[in-house]
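Trainee: Could you take me through one part of this model up close? I'd like to hear about the ligand and what sits around it.

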Amino acid sequence: MQHVTLDNGVRMPILGFGVYQIPADRTEQAVSEALAAGYRLLDTAAAYGNEEAVGRAIRTSGIPRQELFVTTKLWVQDAPAQDNTRRALETSLAKLGLDHVDLYLMHQPFGDVYGQWRAMEAANREGLARAIGVANFYPDRLLDLILNNEVVPAVNQIETHPFFQRAEFHALMREHGVRHQAWGGFAEGRNGLFTNPVLAGIAEAHGRSVAQVVLRWLIQSDVVTIPKSVNPDRMAQNIDVFDFRLTDDQLTAIAELDTGRTLFFDHHDPEMVAWLSKRRLDS
Ligand code: NAP
């Protein structure tokens, strides 16, 4: 496994396992299979409703805690955000059965972002989260957070796939020491990703799958990736991407697939802002 070093010195695998949309009653098995396949970075969230199952799989794996990199995420909190953020992190830790996470992400750029971030900074200082970061922040929001706070987010986890590549944003994040992490690296298969002729042609040239080509492209673009699968064969395939390299011509061909547009949510769309801001977790 290749690793990256976050700006605060914390080492993170460049490829991990995401558990979004895995039902809680399927998650323990999926995470156990992923750990057996060699994944060491696990990406969950309070909003996914499966932190307890992730925790159970960690405990039964017998893998030493320091060999794992566990990420979870804070959902949008009501005021007072600092108190509620602290409580939300404690709830996540209790569900996971851990005394700290390796990365705690603010899931959405909404609500009292500053209050939430200050509580996350405090948690970081106390060691409850070895690194803190954000998700779904667009350049304007991210820069505001960086310029007006003490701790620079170590990571921004954003939609990134061949149809929405974020290359300019990547450069801006790099300039400020923010690590780019992709969610939806396969675009969840949208837009015909797994049968795209350009990707399929490159896959054929390497004797690999389209999924492996996409993951290789992300890794060579210096983007941390967290593919999700509930299928053990695909889990094995998705982690087996460290023994081939895409050529410059192949990278150029993939660059041309970029549409510059989201296939999921536009965080500038007022309807989406309202929907995400109002959503609350049951606890
Ligand atoms: P994704 O990884 O782009 O795609 C997952 C889909 O691809 C599943 O339908 C999976 O099906 C299929 N798949 C996986 N490997 C495959 C392979 N080798 N060949 C063919 N199909 C394959 O989608 P995602 O789950 O949305 O994103 C990944 C992770 O990012 C999430 O799990 C979550 O941890 C994180 N995420 C974060 C946010 C955020 O707001 N921060 C949003 C979305 C996701 P099977 O399971 O049936 O194999």
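Mentor: Start with Asn136: one of its polar side-chain atoms lies 2.8 Å from an oxygen atom of the ligand. Keep in mind as we go that this is a predicted model. His107 also brings a polar side-chain atom to a ligand oxygen, at 3.4 Å. With Gly18 it's the backbone that does the job, an N or O atom lying 3.5 Å from an oxygen atom of the ligand. Taken on its own, the ligand has 900 Å² of accessible area, and the protein covers 88% of that.

Now for the wider surroundings. The ligand has 27 residues around it, and the closest are Asp43, Gln157, Glu188, Ser229 and Arg234.

Let's follow Arg234, since that residue takes us into helix H9. Arg234 and Asp233 are exposed residues on the face of H9 turned away from its buried side. One caution on wording: "exposed" here is worked out with protein chains only, so the label sits alongside Arg234 being one of the closest residues to the ligand.

What about the other side of H9? The helix runs over residues 232–239, and Met235, Asn238 and Ile239 are its buried residues. Look down the axis and those buried residues fall within an arc of 90 degrees, so they line one face of the helix. That fits a bit of textbook geometry: an α-helix has 3.6 residues a turn, so residues three or four places apart point the same way. As for what lies over the buried residues of H9, the cover includes strand S3 (17–18), helix H1 (24–37) and helix H8 (210–220). Gly18, which we met at the ligand through its backbone, falls in the stretch given for S3.

Have a look at how H9 begins, too. Asn231 caps the N-terminal end, with a side-chain oxygen 2.8 Å from the backbone nitrogen of Asp233.

One last stop, by way of helix H8. Leu199 belongs to helix H7, residues 197–206, and is buried, with a relative accessible area of 0%. Beyond its sequence neighbours up to four places away, Leu199 touches Pro162, Leu193, Val210, Val213, Val214, Ile254 and Leu257. Val210, Val213 and Val214 from that list carry numbers inside the 210–220 range of H8, so you can trace a path on screen from the cover of H9 over to Leu199.

Key
Residues numbered from 1 in each chain as written. Predicted model: local features only at pLDDT ≥ 70, side-chain atom pairs only at ≥ 80, totals over all residues. Heavy atoms only, no water. Buried < 20%, exposed > 50% of the residue type's maximum accessible area, 1.4 Å probe, protein only. Helix = DSSP H or I, 4+ residues; strand = E, 2+ residues; numbered from the N terminus. Arc of directions from axis to C-beta. Contact = heavy atoms within 4.5 Å. Polar contact = N/O pair within 3.5 Å; in protein donor to acceptor, adjacent residues only side chain to side chain. Near = heavy atom within 4 Å. Areas by Shrake-Rupley, 256 points an atom, 1.4 Å probe, with all protein chains shown as cover.
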